[in-house]
Amino acid sequence: MNSIVLGSPVLSLLAAMLTVLVVGDFASTFFYHVPQHVWGKLHLRTHHDRRRSYWDHAVISGDPGVMLDGFLGAVPYIIIAVACCKISFFGAALGLILGQLHVWWRHTTELGWKTPVPVRNVCRALAIVLPEDHDGHHRNPEIEFGDLFRFYDAPARKMLVLLRTLSPRRAPRRRSTVRPIKRKTAVSTGVGRG
Ligand SMILES: [Zn+2]
Ligand SMILES: [Zn+2]
C-alpha cells in the first residue's frame with residue numbers, strides 16, 4: 001500500500017491531511033451544518049441545547065440524537081478521507097484524528113480553557129477556529145460557522161441568508177415587520193397633539 005503521489009511521502013501525507021481538513025470542513029459546513037440551521041431540527045436540538053453544558057453534550061454525551069448529529073457532521077470528512085487514501089492513507093487518517101482532536105479542543109471554553117497568546121497568534125495567522133470562537137457559535141447560533149477554519153464563516157452566513165430567502169417559512173425573524181407599524185402609530189399620536 002505505497003501511496004506516494006506527489007513524489008515524496010511527506011508531501012503526499014501533508015496533501016492528504018490538509019485536503020481532509022480543508023475540504024472536509026467545507027463539505028460539512030455547507031452540506032450539513034448550514035442546511036441544518038435552516039431546515040433541520042436535530043443539530044439545533046442537540047448541539048445548541050442551552051439547557052445543558054455543551055462540553056457535556058458535544059463531547060461526552062451518549063445520547064443517540066447527539067451522537068447522530070456528531071456522526072452526520074463527520075460524514076463529509078470521512079468521505080473526503082476515503083478519497084484521499086489514494087494520496088496517502090496515513091495523511092488521510094491523520095486528518096481525521098486532528099479533526100477529532102479539534103472537536104474536543106473547541107468545546108473546552110466551558111471548562112475554563114483560555115488560549116495562550118502565542119497559540120492564539122498562530123491560529124489567527126492560519127485562520128484556525130479557536131475554542132473562544134466556537135463558544136461564540138454556541139452563544140449565538142447565527143455566527144461563527146466553520147468547524148476548523150474561520151474563512152468559511154462569512155460565506156456560510158451568506159448561504160444561511162440565501163437559503164432562508166429561498167424558503168421564507170424558515171426565516172426566524174418575522175416579528176420584526178411589526179415594529180415599524182408601532183412606530184408609525186406612535187408618530188401619528190404625536191402629530192395629533194397639535
Ligand atoms: Zn459546538
Ligand atoms: Zn450550529
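In helix α5, the residues Gly-91, Ala-92, Gly-95, Gly-99 and Arg-106 are buried. They sit on the same side of α5, because the arc they cover around the axis is only 100 degrees. A general rule helps here: an α-helix has 3.6 residues a turn, so residues three or four places apart point the same way. On the other side of α5, Ile-97 and Leu-101 are exposed. Please keep in mind, as you explore, that this is a predicted model.

What covers the buried residues of α5? The cover includes α1, α4 and α7, the last of these running over residues 131-139. The length of α5 is easy to check as well. Its 18 residues, 89-106, should span 26 Å at 1.5 Å a residue, and this agrees with its end C-alpha atoms, which are 26 Å apart.

**The chain as a whole**

Stepping back, the chain has 9 helices and 0 strands. Along the sequence the pattern reads α-α-α-α-α-α-α-α-α. There are 194 residues in the chain, and 25% of them are buried. If you take the contacts between residues at least 6 apart in sequence, 62% of them join residues at least 24 apart.

**Two cores**

The largest nonpolar core has 14 residues, and those touching the most other members are Ala-16, Met-17, Val-20, Ile-80, Ala-81, Cys-84 and Ala-92. Helices α1 (9-38) and α4 (64-84) each supply at least two residues of this core. Which helix gives the largest share of this core? That is α1, with 5 residues. For a closer look, try Ala-81: leaving aside residues up to four places away in sequence, Ala-81 touches Val-20, Ala-92, Gly-95 and Leu-96. Two of the names there, Ala-92 and Gly-95, are among the buried residues of α5.

A second, separate core has 6 residues, including Phe-145, Tyr-152, Ala-156 and Leu-160.

**A helix with little cover, and two residues to visit**

Helix α6 (residues 117-125) is hardly covered: among its 9 residues, the count of buried ones is 0. After α6 comes Ala-127, with a positive phi near 60 degrees.

Two residues make good stops on a tour. Ile-143 is in the loop between α7 and α8 (153-166), while His-102 lies in helix α5. Are they buried, exposed or in between? Ile-143 counts as partly exposed because it has 13 C-beta neighbours inside 10 Å. His-102 has 18 C-beta neighbours inside 10 Å, so this residue too counts as partly exposed. Not counting residues up to four places away in sequence, Ile-143 touches Gly-136 and His-137.

The table pairs each of them with a residue from elsewhere along the chain.

| Pair | Separation along the chain | C-alpha separation |
|---|---|---|
| Ile-143 and Arg-157 | 14 residues | 7.1 Å |
| His-102 and Ile-128 | 26 residues | 9.8 Å |

**How far to trust the picture**

The average pLDDT of the chain is 85, and 82% of the residues score at least 70. Where is confidence lowest, and where is it highest? The lowest is in helix α9 (residues 179-192), at a mean of 39, and the highest is in α6, at 97. Over residues 174-194 the pLDDT is below 50, and beyond near neighbours in sequence this stretch has 0 contacts in the model. Where pLDDT is low, the predicted coordinates should not be read in detail.

Key
Residues are numbered from 1 along each chain as its sequence is written. Chains are lettered from A and ligands numbered from 1 in the order in which they are written. This is a predicted model: local features need pLDDT of at least 70, side-chain atom pairs count only at pLDDT 80 or more; totals for chains, interfaces and linings use all residues. A nonpolar core is a set of buried Ala, Val, Leu, Ile, Met, Phe, Trp, Tyr and Cys residues joined through C-beta atoms within 7 Å. A residue is buried if 20 or more other C-beta atoms lie within 10 Å of its own, exposed if 12 or fewer, and partly exposed in between; C-beta atoms are placed from the backbone. Helices (H or I, at least four residues) and strands (E, at least two) are DSSP runs, numbered from the N terminus. Two residues are in contact if their C-beta atoms, placed from the backbone, lie within 7 Å. The expected span of a helix is 1.5 Å times one less than its number of residues. The arc is that of the directions from the helix axis to the C-beta atoms. pLDDT is the predictor's confidence in each residue, from 0 to 100.
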